[in-house]
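The following exercises concern one protein chain. Each task is followed by a solution that proceeds step by step.

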Amino acid sequence: MAETKAEKPGRLVIAGCGLHPGHITAETVNAISNAELVMVVVPNPLSIVHIQSLNPRVENLAKAYGEFVDRQHIYTAMAERIISTVRNGVDLCVVFYGHPAVFVDSTHIARRILLAEGYSVQMLPGISAEDCLFADLGIDPGESGCQSYEATQFLLNYHQLHTGAYLLLWQIGLTAAHLLRSLRLNGQGISAIVQLLQQWYPDDHLICVYEAATLPGQSPRTQWMPLSELENAMLQDWSTLVVPPLTPLVLAEERLAWLGIEADRVAELANFSQLWKERIHEEQ
């Protein structure tokens, strides 16, 4: 989304480069190429090489991970560096892996402050791990619905969980790690997540630990297991937990009258959809 209200020198473009060089968009390539300076938080070395080939003026913001342990200090340090650079009149492009608005506090901090000060700010989308997950697992979130939470946020807050929809828990390997001021994996957090999920799902409900590919041509990691075995699974800090629907959707027949639709018509459409899916499954 372009948001420009600036006459001041200095400009910020926030871009996402996806998870590997094959994901980067033409729009982001153009932003990188035309910037006076490019700052990156990109763990994939191939992506960094690609960005440097587009613009040699590259600064690695990820060095903040080596300077601080607490994640909030890391994100704040990144945001402060971005803000001070734009205030100095630089046409800056900041590139984060995946999507720059997803699980990236520093981009939101910098965007809000610089917009309030009258600078030009634009955020460009990137291919996220969620995009890859839908493609790799063949999930259509519009079919039954999809609930998406950061794992620690899900654990520490009350939620009205819908077991007829998919549940995605991001950064499952880091559950509650920030409460310990640590970046390490935390077995106690995983145990708590299992205990929480057992309030809605049986122990034998199949779940999937998912990790998107980070190299072109690489296969994603998809490890299926019963819920009861999650505590023994090999997890990374970027692992995502996928919990498929347990219960079917229930038609709210009383709402059909609001639309002037008869229940028989809805059932007819539902049966057609199910028959079509069964036909596709048989052909596969």
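**Exercise 1.** Which backbone nitrogen lies 2.7 Å from a polar atom of the side chain of Thr152? Characterise the surroundings of Thr152 as well.

Solution. The model is a predicted one.
- Step 1: The atom sought is the backbone nitrogen of Ala176.
- Step 2: Thr152 itself is part of helix 8, which spans residues 151–156.
- Step 3: Leaving aside residues up to four places away in sequence, Thr152 touches Leu174, Thr175, Ala176 and His178.
- Step 4: Buried status requires a relative accessible area under 20%. The value for Thr152 is 2%, so Thr152 is buried.

**Exercise 2.** Which members of the largest nonpolar core touch the most other members, and which helix gives the most to this core?

Solution.
- Step 1: The core comprises 24 residues, and Leu12, Ile82, Leu92 and Val94 touch the most other members.
- Step 2: At least two residues each come from several elements, including strand 2 (11–16), strand 5 (91–96) and helix 5 (105–116).
- Step 3: Helix 4 gives the most, namely six residues.
- Step 4: Ile82 is in contact with Leu12, Met39, Leu61, Leu92, Val94 and Ala110, residues up to four places away in sequence not being counted.
- Step 5: A separate core of 22 residues includes Tyr149, Ala151, Leu197 and Leu235.

**Exercise 3.** How many helices and strands does the protein chain have, and what percentage of its residues is buried?

Solution.
- Step 1: The chain has eleven helices and eleven strands.
- Step 2: Of its 284 residues, 41% are buried.
- Step 3: The accessible surface is about 15500 Å², with 53% belonging to carbon and sulfur atoms.

Technical notes. Residues are numbered from 1 along each chain as its sequence is written. This is a predicted model: local features need pLDDT of at least 70, side-chain atom pairs count only at pLDDT 80 or more; totals for chains, interfaces and linings use all residues. Side-chain values use heavy atoms; hydrogens and water are left out. A nonpolar core is a set of buried Ala, Val, Leu, Ile, Met, Phe, Trp, Tyr and Cys residues joined through side-chain atoms within 4.5 Å. Buried means under 20% relative accessible area, exposed over 50%, partly exposed in between (1.4 Å probe, protein chains only). Helices (H or I, at least four residues) and strands (E, at least two) are DSSP runs, numbered from the N terminus. Contact means heavy atoms within 4.5 Å. Accessible areas come from the Shrake-Rupley method with a 1.4 Å probe; for residues, only the protein chains shown count as cover. A polar contact is a pair of N or O atoms within 3.5 Å; within protein, one must be able to donate a hydrogen and the other to accept it, and residues adjacent in sequence count only if both atoms are side-chain atoms.
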